[in-house]
Each structure stands twice: as C-alpha cells, then as structure tokens.
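Please look over the sequence and the model shown here. The report after them goes through the folds, contacts and backbone details in turn.

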Amino acid sequence: MRKLVRKTLVALSSLCIAAGALAQAPAKEIRVLLANHPYGDLLKAAIPEFEGATGIKVNAESLQEGQLTTKLTTEFATNSSSVDVFMTRPLQEGKMFYKNGWYEPLAAYDFSDYPKNVMSVATFGARTYIVPLVTEWQVLYYRKDLLAGAGLKIPASFDELEAAAKKLNSDSVAGFASRGKGAAAVTQLSSYVYNYGGLYLDKGVAVFDSKPAVDAIRFYGKMLGNYGPKGVTSMSWENIMPLFQAGKVALWTDASVFYGQIIDPAKTQVSVDKVGIANFPAGPKTNSPFIVTSWGMAVAKQSKKKDLALKFIDWATSKQLAAKGMQANITMARSSVWEDKAILARINPGLVETRAFAAKNGYPLDRPYMSAVGEARDLIGELVIDSINTKGVSPNLEKMAKERVEKVNELLQDTGEYGK
Amino acid sequence: MIQSSFTERNLQLLFPLPAIVFVAMLMVFPVLYTSYLSFTNWNLTSGAEPTFVGLRSYARVLSEPRFLHALARTFAFTLFAVVIEGFLGVAAALILNRAFAGKSVAKLLLLLPLVATPIAVGIVFNLFFDPTIGLANFVLQAFGLPPGLWISSENSVIPSLILVDVWQWTPMITLIVLAGLAGLSEEPVEAARIDGASEWQILRLVTIPMVMPVILTALILRLIDALKTFDIIFAMTGGGPGYASETLNIMGFKYSFEYFRMGQSAVILVVLFVVVFGCSLGIMKLRASSEV
C-alpha cells in the first residue's frame, strides 16, 4: 500500500511539472481579442504576415462586440486576464475601462496622423490610451429606383424625408427605417437630436428633456411609427439590413459602416445600381450628423508582454493596413489615407463625399459619453419606444424625458462625472 | 502499515472526496460569493473598490418596479411553459407508448428539437417570427389569417417565447415519461381490464397514478430549467421590446454586463436562486406525499 501511495505521489508530481512546463508556453506569444468587425476580419487574415516578420505567435480570438466587452470586463475585473491587445469601443467602454485602470498608456506611439477630434475620445487626462481605428458617421441609404419612380429627389431635409417616406410607404415596402430597439436606437437618434438643436449631455449634465431633443424624439417616433417596418421597436441594424437587402425598405438612416455590405452583390437582392448613399438630411436647426471613432485598439494594463503587445499594435494600426482597410470600404481613422488620391480613387465616392461633409459639420459623439452609458442608453431607449408606439404623439413624453434625465444625472453623480 | 490502514479505514471518505471538492468549488463557492457580493456596492462604472453596504442594494433593487415585473414575468413564463409542456409531453408519451405504424419515425422527429442548441434555435425562430419576411406570418396569411407581430410586440412576446420553449422542451418530458411507462408492470392494467374498466378509466385511474412520480420528476427538472431560462430569450429578444420579455436571469445579466452594477446584479441572482430553490423544495415535498 505504501508503495502505491509513493507511486501515486511520483506520478502526480511529474504531472505537475509537465503542466508547469506547458503553462510557460513560448515566450514570444501574445493573445489578441478582436471584434467581429470588417477590420477585425482583415487583421485576422493578415496576422500570418506579422508572425512571419517578427516570430511572435499571435493567438487571435474574434467576438461579437457585446460579448467582447463582457469577456474583457470579466477577465480584467477578476484580475485573471491573459489578454495583451484588444479592440475597444472608446465611446461605449472607454471611460469605464480607463477608470478601472485596464488600459495601458501609449506614450511612445506616434499619433500625429490622427485628427484632433478623433483623439479627444482616446485621451484621458494628459495621456493617450487608445489608438483610433475606424470612424463612422450617419448617412441616408436610399433606393434610387423607388425615388425616381415616385418623381422624388434625394431628401435633404427632415421635411423632405417625411414627404418621401410617406409617398414610398406601401404594404410591401416600408417608406423609412432606422433602429427602433431601445438602447440600440440611441446612437442613430443622436443625429436627429443634434439637427433639432438638442444634445444628450451638455458639459456632463443630461439635457435630453430640452424642447429640441424631445421634438427630435417625437419626429423619430412619428417616422418609424407611421412608415417604419412592422415590429421596428425590436429592430437594430442586424434586423433592418436584411430587410433593405430584400428590397423591403425605401429609405434607411444608419451608420456608414454598412455601405460595403448593402452594395455587396453576394448579399443583396437589390441590384447595386439601385442603392444610393447620401448625406444625412438637415433638421430644423442645423445639419450636424454624428461622426465618431467607433473602434480603437489598446494594450491591456495587465499584459505581461507589453513590448510584444506594442509591436503588434504598431503593426495592426499601421498606415499600410489602414490603406488595405480603405480598399475594403472600411472607413479608417487615420487622416493620411483620406488625403491619398491613389487610395481615394479605389474606394466608393459616396463614402468619400459623405465623410467630407460629416468631418466638416458633424458632432464627435453618438451617445451620452459617460461610464454608465449602457444604462443611460436603456433609459433614453424607453423614450424612443414610447414615441414609436404612439407615432410621435405620446402625451407623456415630456414627463418621461424629465424623469429619465434625472436618472441619468444620478448615474453621472454616482460615477463622479456630473458637470464635468 | 499505519498509512495503509488509514486509507482503508477512511475509504468511504476518500472516494467521494473529489466529488465533494468539485461541488464545493463550482457550486457552493459561487453561491456564497454571489451572496457576499449582494451586500456590497460593487459598481465597475465608478471605478471604486467595492464596499460593504448591508441590505442597501436589496432595498434598492427589490423596490424597483422593473424588478417586480421581471419577477412576475419569470413566474408567468415558467408556469405557462411547464404546464403546457407537461400536458403535451405526457400525451405524446402515452401515444408513443402504443404500437402503431411509423412509431420509430415519429419518435425520432419528436426528439429532434431536444438536440438543437438553444442559441441556434433562437436565431432560427427570430427569422421565423420576423413580421415582414418571416415564415410564421407567411403561413398565417396563406390560411387567410391576419399576420402577427410575434416577438416584436410587447403583448405577444412572452407567448411567442413560450411557444419556442414548448417546441424545444416538450420532448424532454415525453422522453422521461416514456421511460417511466416502459417500466410499469402490465398486471394492474390487465386486472382492471378484466374487471371491465374502460380504456379511459384505465388511463385515468391506473396508468397515470402509477407513472405520476415520474411525471413529477420530469416537471421538477423542467420547472427548475424554465425558471432559469436564459439562452433562448437572450438570443431572440435580449429582454425586449423595451423590457417586455425581461426575466430575472436576463435582468441579472444586463445589470452585470451592460450596467456593470455587480452588487445589484448579485441581489437579482440571489433572489432567483431562492426562487428556484424554494420551488424545487416545494415540488419535492409534493412528490414525496404522492409516493406515499
């Protein structure tokens, strides 16, 4: 029996040694978390080039954006992360990640190729933590054939948008679509709010109960309630895009990032020459659609291989790869790629024109920029749903907006961001 | 020799030890830790270290109308789903327990939903229920019925989710009850038949009572699972439209990973744990009394 115990002990200890050896995997190896985003896909395909050139092995994982945040949060909050580099959404999680100390400051990175307004969401205090990757702005997608058939021109104002939606709306085609699913709608509603002259937050205080903001929410609800697809209050872009691709939507306001997919002949039943992209229409007050840094890349503070991580981030955000992204109709954040005529000649002119407009006139946020943004979006989303359900004439909207503003201000106070 | 006698004397402790360690680490510890978290104000959006706040998180969450709605919805969803699944499942088992042509094919078809992954089921049913391009409305209209909004309307979202749950989980009840029926002895049934009982009387007074403990077992398993349903609802509606299909589990998830209020999320999950635990105890008692 004693022999058996001894043998077992020997076997166990040798197992432990073997496991220890396995845990100390090759030193030149990093773990990278990417988003299921066209640029994430592009990087994943290009990683072998990086591995070949540097000898660093890259373990890349791709996750849907919500799950990416969940995974990063879980790993970082429990101090158990082995992530070295990750894609991140500055407006959604930037403030929270910074506050919890999950981003490594990027002191040595050369940020000279990025516009100032883009850098504003990558910088906290005096330091920069995020390399901006992709920008998006709001546009109007439209069906050229349907507009021409009805003798309409491309809507350039909210009044024209409403008139066109009304005329094009039928049993088989929704005149107008935009996200109606509560929290998901908040980003797309933002340009409507701005063009009515409102804001979500003004200097760290919630102000979306102002008359212009409530008017914008009413207009959004009226448009979707009257001319939107059936069941729009449960629709985000992933539900609207298939409808547009199936020819069931005439006008659609959403982010520029989807243009590549709706003009991809493999994915759409509507022939490409019938699909147009235009500037977001002007509101009663102004025309200032959102133009935001939707994705960036960062090094994890908990990373034990920061030198390798920095090498990877230099490569993954390089000008060469940005140029490659542009060719795939991914709208990159670097300035230089938008000045390079050879690159511009190869990407879709509709994207170039709408970006130029948004870059000149747009607003750099598409949601309340705060740590508790998830909850704030749900609160504003309640207004959107009420407005859509009542086709914009809800008698309670002002009161509801006031209550939601109070709640968002409470969140700002709880997180020490009120009035800042 | 001392060592070997120690091992031999304590075999009854040593052999279950791995299982005890496993349960302690993966079940008892998470429950205790979640309970501990529910007494803190851990909130990642503030970036501050968690502090002990006693029952304050409970007071805040339990007084929220959204929480009470989610609690009521969790019960409503579970009750309707399990009752319908119970009836259909037992009926299907009784039918499949008889000999008829094509029985094995019918059995196979019936069991298919059970092996499908819930997330995949959710995605497919999402397309199926789409009010504009979905098959469900296409079928309704083919029969001259008005189209529905299914999961896109606050009024029909819970019934639609129950429908999916019933589709997927009725076969589980059938399977368990079928196993129970196969194990019954034929004698009481034959005795009843000789005594002149009708088929309906045999079913009601002999077969069902004999198989009742098995039915109750199946219902307990289903009940616990239905109370905790997450995947199908998450994949199909994420709790929407608005909060119209938000159950406790979905709300707990949103509080953790969208609001990052970890302490308050723990409160929701502790309540869910108590609910599931209470319901299981209740039914187990019921089952014990039915066996007597």
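What follows is a short report on this predicted model, from whole-chain figures down to single residues.

## Overall form of chain A

Chain A contains 17 helices and 12 strands. Its C-alpha atoms occupy a box of roughly 90 × 50 × 50 Å along the principal axes. A compact globule of 420 residues would have a radius of gyration near 22 Å, and the 24 Å of chain A agrees with that.

Half-burial describes the chain as a whole: 50% of the 420 residues of chain A count as buried. Among the contacts in chain A with a separation of 6 or more, 75% are between residues 24 or more positions apart.

## Two domains in chain A

The domain assignment splits chain A into domain 1, with residues 10–129 + 293–360, and domain 2, with residues 136–290 + 363–414. Taken over C-alpha atoms, the centres of domain 1 and domain 2 of chain A are 29 Å apart. Their contact involves 19 residues from domain 1 of chain A and 18 residues from domain 2 of chain A.

On the domain 1 side of this contact, the elements that give two or more residues are α4 (90–99) and α15 (349–361) of chain A. Of these, α15(A) gives the most, with six residues. By residue class, the domain 1 side is made up of seven nonpolar, nine polar and three charged residues.

## Strand β10 of chain A

Which strands pair with β10(A), and in which direction do they run? Strand β6 (residues 131–143) of chain A is joined to β10(A) by five bridges, and the two run antiparallel. Strand β7 (residues 174–177) of chain A is joined to β10(A) by three bridges, and here the strands run parallel.

Single residues mark both pairings. In β10(A), Thr253(A) stands opposite Leu140(A), and Trp252(A) stands opposite Ala177(A). Strand β10 itself, residues 249–255 of chain A, is mostly covered, with seven of its seven residues buried.

## The largest nonpolar core

In soluble globular proteins, nonpolar side chains tend to be buried together. The largest nonpolar core in this model has 182 residues, and the members that touch the most others are Leu251(A), Phe312(A), Val177(B) and Ile268(B). Domain 1 and domain 2 of chain A each supply at least three residues to this core.

What does Phe312(A) touch, leaving aside its neighbours within four places in sequence? Phe312(A) is in contact with Ile30(A), Val32(A), Phe50(A), Ile56(A), Val58(A) and Val85(A).

## Contact between the chains

The contact between the two chains takes 28 residues from chain A and 22 residues from chain B. On the chain A side, the elements that give two or more residues are α1 (2–23), α3 (65–77), α4 and α16 (373–389) of chain A. The largest share, four residues, comes from α16(A).

The chain A side of this contact divides into nine nonpolar, 11 polar and eight charged residues. Helix α4 of chain A is listed on this side, and α4(A) is also listed on the side of domain 1 that touches domain 2.

## Backbone exceptions

Most residues other than glycine have a negative phi, and most peptide bonds are trans. Two residues that are not glycine depart from the phi pattern: Lys203(A), with phi near 50 degrees, and Phe260(B), with a positive phi of about 60 degrees. Lys203(A) is placed in the loop between β8 (201–202) and β9 (205–206) of chain A. Phe260(B) is placed in the loop between α13 and α14 (262–291) of chain B.

Are these two residues buried or exposed? Lys203(A) is exposed because 9 other C-beta atoms lie within 10 Å, and 12 or fewer is the limit for that class. Phe260(B) has 25 C-beta neighbours inside 10 Å and therefore counts as buried, the threshold being 20 or more.

Chain B also has a cis peptide bond, between Gly240(B) and Pro241(B), with omega about -5 degrees. Pro241(B) lies in the loop between α12 (231–236) and α13 (248–257) of chain B. Elsewhere in chain B, helix α10 (residues 187–194) is hardly covered, and the count of buried residues among its eight is zero. Gly196(B), just after α10(B), has a positive phi of about 90 degrees.

How values were computed: Residues numbered from 1 in each chain as written. Chains lettered and ligands numbered in written order. Predicted model: local features only at pLDDT ≥ 70, side-chain atom pairs only at ≥ 80, totals over all residues. Domains from an automatic or database assignment. Contact = placed C-beta atoms within 7 Å. Nonpolar A, V, L, I, M, F, W, Y, C, P; charged D, E, K, R; others polar. Pairing = 2+ DSSP bridges. Core = buried A, V, L, I, M, F, W, Y, C linked by C-beta atoms within 7 Å. Rg over C-alpha atoms; globule rule 2.2 N^0.38 Å.
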